[in-house]
Structures are given as C-alpha cells and as structure tokens.
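User: Could you take a close look at one spot in this model for me, and then set it against the rest of the chain?

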Amino acid sequence: MTLALLASDRGIRNDPLAWIVNTHCHSDHIGGNAALVEKYGCPVAVPEGEAPLIERWDQKALLYDYCDQRADRFIVSQGLQPDTTHVWGDLEWRALAAPGHDMGALVFFNPEHGILISGDALWENGFGIVMPREIDPAALPAARATIEMLAGLAIRVVVPGHGEPFTDIPAALDRAMRRVDAFEAEPMRMVRHILKALLVFSLLDHQQLPLAELPFYLDRVGLFRDFNRQFYRLPPSEMAAMLVGELEKTGAVRCEDGWLRPA
Ligand SMILES: [Zn+2]
C-alpha cells in the first residue's frame with residue numbers, strides 16, 4: 001500500500017526518494033522499509049537507541065513476533081541522535097527525544113513552520129500504547145515528560161503517525177495529559193488497553209480469526225500469554241471472552257458465523 005501510494009499522483013511517482021526517516025521502529029512504521037529500499041535504493045535513518053535492536057532484529061523488544069506482528073528486515077544506514085538537526089526535503093528538522101510509547105522514539109520538529117512529526121508520541125486523540133509500570137516503570141513518567149516537552153514547542157501543525165494532520169495542539173496535549181493521569185490512577189486500564197489495541201492490530205492484519213481458535217492464539221502469542229500470566233491468570237478461554245466482550249462493546253470488532261473480525 002505504501003509503494004502504491006508513493007507511486008501515485010499523491011506521492012512522488014518516479015522521482016527518487018532521498019531518505020526514509022523513522023520516528024521509531026514498531027512494525028506499523030518500519031514494515032515498508034525493506035520494500036521501499038528495494039524500489040528506491042535509499043538509505044534508512046532510525047533513532048540511535050533503536051538501531052542496535054534493528055541490527056540484531058530483537059523481535060521481543062521491537063514487539064514483532066512477540067506480538068504476532070510482521071516486518072521485513074532492513075539495514076540501518078544512520079542512527080539519529082536526539083538534539084541534532086537535519087535537512088530533509090529542503091527543511092530543517094530538529095530530532096527530539098520523545099520516550100514513553102517507545103523509549104527510544106524521536107519526534108522531528110521544524111521550527112520555521114512549526115511542523116511536528118510526532119510518530120506515536122502524540123496523536124490528535126491520545127498516543128500509542130505505553131507499557132505498564134510492572135513491565136517498564138520508566139514508560140508512563142516518560143510519556144508525561146514528553147507531553148510536557150512538546151507543550152514547550154511553538155507547534156502549528158502535527159503530522160502524527162496515525163490519523164490526519166491536526167492543528168488544535170493545546171486540545172490534543174490536554175487530552176494526552178488526561179490520558180496519562182487516567183492510566184496513572186488505574187494501571188490495569190493500561191494493561192487492558194494494550195491487549196485490546198494489539199488484538200485489533202492483529203485482526204486488521206489477519207482480517208479474521210476463528211473465535212474457537214482465539215484462546216489458543218492468546219496462549220501462543222508471547223505478549224498475550226505473558227500479560228495473562230502476570231496480570232490476570234485466567235484460563236485462555238476466559239481471557240478471550242473478556243477481550244472479545246470489551247471490544248464488541250466499544251464496536252471495535254464483530255463476531256459473525258464463528259469468526260472474529262475488525263469492525
Ligand atoms: Zn508505535
């Protein structure tokens with residue numbers, strides 16, 4: 001899809017691609033790198049903190065097969081350090097550390113036009129999953145500090161990793177901060193949120209899963225199994241019923257003819 005989009009009238013068609021620059025290395029951000037490099041022959045820059053994970057293809061730390069997510073392996077051409085400035089697309093971009101959702105993540109800020117490429121550190125409505133304190137005690141405090149750091153920038157438009165660009169920055173920062181407060185007040189909410197977000201992600205990838213297989217799936221995929229052992233200790237069938245029930249209630253999934261599908 002990324003190749004087709006780039007080749008279309010909305011993309012660069014047959015122009016060369018100078019660089020691929022990633023805010024962080026989750027599969028939904030770097031999954032197209034290998035195909036893009038193959039077509040355009042361009043170098044890839046990732047945050048310096050993530051480069052060793054990519055080099056040794058750490059599928060647990062990067063949440064790939066550990067979460068049943070797929071990505072093709074690629075070569076890192078440059079590790080980007082925080083607080084460095086780069087010229088990409090005729091604009092100057094400042095790389096800023098934005099830990100929380102991903103502890104090695106960067107965001108890219110162009111002060112001239114007030115453009116922030118935020119990855120999953122800030123969306124119009126929230127931010128990407130953040131690990132609970134039992135997994136990484138530094139993650140949620142880092143997410144809070146990142147939002148505070150972003151509040152200090154003169155941002156005019158955010159280009160997020162998910163969703164359309166948006167301009168009501170104070171409202172987005174406020175929503176993000178309230179979400180951090182809610183997670184801090186009720187840590188199990190973070191755990192449920194992660195499980196639900198990752199299951200929906202898998203469904204979008206697989207398009208459907210047989211409901212009867214779901215307990216086995218949750219027992220086979222590392223993160224679901226480990227989170228159940230650590231936080232719930234439920235039989236996998238009860239874990240499956242709990243997640244499906246919650247996702248059906250919010251309208252994120254549908255159960256049809258024995259299949260679980262994204263809504
Ligand atoms: Zn992410």
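The backbone oxygen of which residue does the side chain of Trp93 reach?

Analyst: Happy to help! The side chain of Trp93 reaches the backbone oxygen of Trp88, at 3.1 Å. This is a polar contact, meaning a pair of N or O atoms within 3.5 Å; within protein, one must be able to donate a hydrogen and the other to accept it, and residues adjacent in sequence count only if both atoms are side-chain atoms.

A word on the basis of what follows. The model is predicted, so local features need pLDDT of at least 70 and side-chain atom pairs count only at pLDDT 80 or more, while totals for chains, interfaces and linings use all residues. Residues are numbered from 1 along each chain as its sequence is written, and side-chain values use heavy atoms, with hydrogens and water left out.

Back to the tryptophan. Trp93 is found in strand 5; strands (E, at least two residues) and helices (H or I, at least four) are DSSP runs, numbered from the N terminus. Trp93 counts as buried because its relative accessibility is 8%, where buried means under 20% relative accessible area, exposed means over 50%, and partly exposed is in between (1.4 Å probe, protein chains only). Besides Trp88, the contacts of Trp93 beyond four places in sequence include Thr84, Thr85, His86, Phe108, Phe109, Asn110, Ile115 and Ile117; a contact means heavy atoms within 4.5 Å. As for Ile115, it is 22 residues from Trp93 in sequence, and their C-alpha atoms are 9.0 Å apart in space.

Following strand 5 onward, Gly104 lies in the loop between strand 5 (91–97) and strand 6 (106–110). Gly104 is partly exposed because its relative accessibility is 21%. Setting aside residues up to four places away in sequence, Gly104 touches Pro47 and Glu50. The C-alpha atom of Gly104 is also 7.7 Å from that of Glu48, although 56 residues separate the two along the chain.

Pro47 and Glu50 turn up again around a histidine. His24 is found in the loop between strand 1 (20–21) and helix 2 (27–30), and it counts as buried because its relative accessibility is 1%. Its side chain makes two polar contacts worth a look: one of 3.4 Å with the side chain of His101, and one of 3.2 Å with the side chain of Asp120. Beyond four places in sequence, His24 touches, among others, Pro47, Glu50, Asp102 and Ala105.

Now for Gln69, which sits in the loop between helix 4 (51–55) and strand 3 (78–80). Gln69 is buried because its relative accessible area is 8%. A polar contact of 2.6 Å joins the side chains of Gln69 and Ser27, and Ser27 is also one of the contacts of Gln69 outside four places in sequence, alongside Leu63, Tyr64, Leu198 and Phe201.

Asp68 has its place in that loop between helix 4 and strand 3, and it has a positive phi of about 60° although it is not a glycine. Most residues other than glycine have a negative phi. Asp257 has a positive phi too, of about 50°, and is likewise not a glycine. Asp257 is found in the loop between strand 10 (253–256) and strand 11 (259–262), and is exposed because its relative accessible area is 74%.

For a helix example, take Leu140, found in helix 5 (residues 139–151). Leu140 is buried because its relative accessible area is 8%, and its touching residues beyond four places in sequence are Val130, Val180, Phe183, Glu184 and Met190.

Finally, the chain as a whole. The chain has 10 helices and 11 strands, and buried residues make up 45% of its 263 residues. Among contacts with a separation of 6 or more, 62% join residues 24 or more positions apart. A compact globule of 263 residues would have a radius of gyration near 18 Å, so the 19 Å of this chain agrees; the radius is taken over C-alpha atoms, and the globule rule is 2.2 Å times the number of residues to the power 0.38. Along the principal axes, the C-alpha atoms fill a box of roughly 55 × 40 × 35 Å.
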